[in-house]
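Visitor: Could you take me through one part of this model in detail, looking at how its side chains pack and pair?

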Amino acid sequence: MVPFTGKTYAELRERVLAGGLPERVERVDTSTAPSAPGAPEPKAARGVIEAIRRAARDCLSGAMDAMVTGPISKYVIAEAGFPWPGHTELLQQATSLHSPG
């Protein structure tokens with residue numbers, strides 16, 4: 001199963017029917033506040049963080065084969081009080097990895 005946190009199920013279905021993704025998809029809603037493209041909402045940050053953490057956990061456990069992230073609003077994450085400047089640092093913590101080098 002492939003968790004999907006994209007815009008709409010209809011968009012995903014179109015991609016699946018075109019052969020772009022596996023047929024079985026589970027939509028996972030981690031939203032914590034209403035939001036809209038182009039309108040950053042700090043109340044939505046917790047859901048954004050949870051979606052990234054959940055995908056990382058599922059990849060590490062073998063429940064998913066891969067994780068793809070879209071852009072996140074660094075402003076929203078910072079305004080909500082989360083310490084990470086972006087995906088990389090959050091994923092480092094979520095996977096217990098250290099910085100390369």
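**Around leucine 90 and helix H2**

Guide: In this predicted model, leucine 90, once its neighbours within four places in sequence are set aside, is in contact with Ile49, Ile52, Arg53 and Trp84. Leu90, Ile49, Ile52 and Trp84 also belong to the largest nonpolar core, a group of seven residues that is completed by Ala45, Val76 and Ile77. Two elements, helix H2 (45-61) and helix H3 (74-79), each give two or more residues to this core, and H2 gives the most, with three. As a general matter, nonpolar side chains in soluble globular proteins tend to be buried together.

The charged side chains can be followed next, and here the count of salt bridges comes to two. One of them joins arginine 54 to aspartate 58, with an N to O distance of 4.0 Å, and both of these residues lie in helix H2, four residues apart, which is about one turn of the helix. The partners fall into separate classes of accessibility: arginine 54 is partly exposed, with a relative accessible area of 30%, whereas aspartate 58, at 18%, counts as buried, because the limit for that class is under 20%.

The other salt bridge links glutamate 50 with arginine 57, where the closest N and O atoms are 3.0 Å apart. Glutamate 50 is partly exposed at 29% relative accessible area, and arginine 57 likewise counts as partly exposed, at 44%. In general, side chains of opposite charge can pair when their charged atoms come close.

Key
Residues numbered from 1 in each chain as written. Predicted model: local features only at pLDDT ≥ 70, side-chain atom pairs only at ≥ 80, totals over all residues. Heavy atoms only, no water. Core = buried A, V, L, I, M, F, W, Y, C linked by side-chain atoms within 4.5 Å. Buried < 20%, exposed > 50% of the residue type's maximum accessible area, 1.4 Å probe, protein only. Contact = heavy atoms within 4.5 Å.
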